[in-house]
Amino acid sequence: MGDFNSKKINKVNFGSDIQELPNREIGKEGLRKKILQKGNSWKTPFPGDEIQVHYRVKLQDGEYFDSSYDKGKPFTFKLGQGEVIKGWDEGLATMKKSEKAIFTIPPNLGYGEIGSLPLIPPNSTLIFEIELVSWNSIRDISGDGGILKKIIKEGEGWATPKDVDEVLVKYVASTEDGKILSKFEDAIEFSLLEGHLYPAMKKCIRTMRKGEIVELTVKPAYYFGNSSFDGDGIGILQSNSNLIIHLELISWKIVVDVTGDNKVLKKLIKVGEGYDHPIEGSLAKVMYIGKHEDGTVFERKGSDEEPFEYVCSEGQINDSLDRAIMTMRKGEAATVTISSDSVLYEIKLVDFNKEKPFWKMDTKEKLEACEKIKNEGNVLFKDGNFQCASRKYDKALKFIQFDHSFNSDERCRANALRLSCYLNNAACKLKVGEHQEASKMCSKVIEYDPCNVKALFRRAQAYLRINELEKAEIDIKKALQVDPNNRDVKVIYKEMKNKQKQYAQHEVKIFSTMLSRLA
C-alpha cells in the first residue's frame, strides 16, 4: 500500500455531508465494512481492473500511520491479482465509484502472523478509510492473458460490432517504450470479416461499443495470427516485448449475412422506418443499380419518383438480391455484395405492400387466396420456374391448413385445392430432382384418395429415379387397375420393366464373377 513511515498523518476530512451506514460483514472471514458515503454509480470493479484509491490506515485503537492523501496522488493497483492484501481485494470489489468506506480487516486477511514491522505487529487488525476514486476496466480478451484491454473511455449504448460489420477506427501501435510502429489518427475503415493489420484489434473491436477508447497490451503470440500484415515495424519489437495499441472505435456500419454463409452481405447505408419488412408475395417498390467489381454498371432499375415494382420470391429479379430486399425496412438504403456473381447492388427500398395474413382472413378469403396463389404457381411451372412454383404451392397450402372453421362445402373445396397443390408440388420436385420430397407429396394425396392415378403415377416416377423398383411396380399396377388405358402409366411401366431386366442382368453378372473366383 505504499511505503509505511512513522511520521504523523494529517486527519483527512471526508466531507461534512457524510452519512454513516451500519457495519456489515463481507464474506465469512471477518472482513467488515461501514459505508461513509455512497457511490454515484451502480457499477463495481472486476478482477483485473486497474483501481485508483485514496486511503488512510491505522491499527485498531491506534493512530493513523500512512495516507495516500499526504502523498498527493491516489494509490493504483490491479484488483484480484494479489498485488495488495486479501482484505483489499475482497473489500474493494464491493465498492462503487466515489464511494467512501471504513474497512476493518482481521489479521488473516491482512499481514497475518508475520505482520509488517516496525509499523504493523503480528496478528494486527487494520482499520482502513478508503475512497474509490475511479478504475479502468481491464479485460482478458484472449482468455490466456495474450490480449489485455484497458478501457480508457466507456462507449455509448450496449451494441458491439458483429463479425461481418465494417468499422471505423483510429489507432496508434507502439512498443512498450513508446516507439510508434504504425498509426491511423485520421480514421480507417475496414471489414472485421477480413481484419486489418494486427489480429488483436479484430478480437478487441468485437467487444467495444461506439466511442469506446481502449489500450491493448498484446503478447508476441498475437502480433500476427492469421493477419495478412507484412510485419513492417514489428521487427523493432524484442521477441519477448509486448505490443501496445491505443484504439478508438468511432462507429461501424451494420452488415447482414443474408444467406448465413458470407456469400451475400448487405451493408446498411441508411436506417429504414419501423420494424416491418417485405415477405414472400409482398409487392416491393425499389430502386437499384447493379455493378461489376470494376464499377461498370450492368443494370439500373427504378427511381424515387418511379420505383421499380416486383413481387418478392417470384424469380423476377436476382434471387440473392431478392432475399436481401426481404431483410430491409421501408426507406432503408444499403449495398448488397454477392460474392458468387462478383457483383454489387446499391439499393433503396422505397415502399412495399404486404398481403393480409391468413389468420386475419375469413373462410371465403382463405379459399380465394389459396386458389389465386396456386394459379400463380401454375404459371411459374409453365415458364419452367419450378423452384418458385414449388414455393407458391407451399404458400397456398398455408391458407387452408386449418379447416375447422370451414363448412362442409368449403371443406370439400379446400380438400380439392389441397390435393391439387400437393400433386403440382410433386411435379415441381420431380423436375428439380428432389425425388424423396416428390414421393412424400404424392403419399399425402394417396392417404386421402388411395386410387388417385396422378399421385400413383408421380410417386412411381419418384421411386424409379431412386431405384425403388418394387415400390414403383406396386404403384404402377394399382394405377393401371384404376385406369388400364392411361398412356403415361403404360410408358413408365415399360421403363420399369427395362430397369428390372437391367438389374437382373447385373445380378447374374455379379453372381458369375463370384463363382469364377471361387473356382
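Two strands count as paired if DSSP finds at least two bridges between them, and this is the sense in which pairing is meant at every stop of this tour. The model on the screen is a predicted one, and the tour begins with a pair of strands joined by a turn.

**The hairpin of β19 and β20**

Select strand β19, residues 333-338, together with strand β20, residues 343-353. These two strands form a hairpin with 4 residues between them, and in the turn S342 has a positive phi of about 55 degrees. The strands run antiparallel and are joined by 6 bridges; to find one place where they face each other, colour V336 of β19 and Y345 of β20, which stand opposite one another.

Now add strand β15, residues 264-270, which is antiparallel to β19 and is joined to it by 6 bridges. Here V336 is again a useful marker, for K266 stands opposite it. Is β19 enclosed or open to its surroundings? Because 5 of its 6 residues are buried, β19 is largely enclosed by the rest of the structure.

**An open sheet of six strands**

Move next to an open sheet of 6 strands, whose order is β8-β9-β12-β13-β10-β11 and whose pairing is antiparallel. Which strands stand at its edges? They are β8 (138-140) and β11 (180-191), each of which has a single partner strand, so one side of each is left without a neighbour in the sheet. If you look along the sheet, neighbouring strands are turned against each other by 20 degrees on average, with direction ignored.

Within this sheet, select β10 (residues 166-175) and β13 (residues 243-253), which run antiparallel and are joined by 10 bridges. For a single pair to label, take L168, whose bridge partner in β13 is S251.

**Helix α5 and its neighbours**

Select residues 386-398, which make up helix α5. The end C-alpha atoms of its 13 residues are 19 Å apart, which agrees with the 18 Å that the helix should span at 1.5 Å a residue. Several residues of α5 are buried, among them C388, A389, Y393 and L397. To see what the buried residues of this helix pack against, show α4 (363-382) and α6 (408-431) as well.

**The cysteines**

Two sulfur atoms must lie within 2.5 Å of each other to count as a disulfide, and by this rule the count comes to 0. Select C312, for which the nearest cysteine sulfur, that of C388, is 11 Å away. Is C312 buried or exposed? With a relative accessibility of 0%, C312 counts as buried. Then go to C451, which is also in no disulfide, the nearest cysteine sulfur being that of C442 at 15 Å. C451 is partly exposed, its relative accessible area being 42%.

**The whole chain**

Finally, zoom out until the entire protein chain is in view, with its 10 helices and 20 strands. Along its principal axes the C-alpha trace spans about 115 × 80 × 60 Å. The radius of gyration of the chain is 37 Å, whereas a compact globule of 519 residues would have one near 24 Å. Buried residues make up 43% of the 519 residues. Among the contacts with a separation of 6 or more, 65% are accounted for by residues 24 or more positions apart.

Note on methods. Residues are numbered from 1 along each chain as its sequence is written. This is a predicted model: local features need pLDDT of at least 70, side-chain atom pairs count only at pLDDT 80 or more; totals for chains, interfaces and linings use all residues. Side-chain values use heavy atoms; hydrogens and water are left out. Buried means under 20% relative accessible area, exposed over 50%, partly exposed in between (1.4 Å probe, protein chains only). Axes are lines fitted to C-alpha atoms, for helices over the stretch in contact, and angles run from 0 to 180 degrees between N-to-C directions. The expected span of a helix is 1.5 Å times one less than its number of residues. Contact means heavy atoms within 4.5 Å. The radius of gyration is taken over C-alpha atoms; the globule rule is 2.2 Å times the number of residues to the power 0.38.
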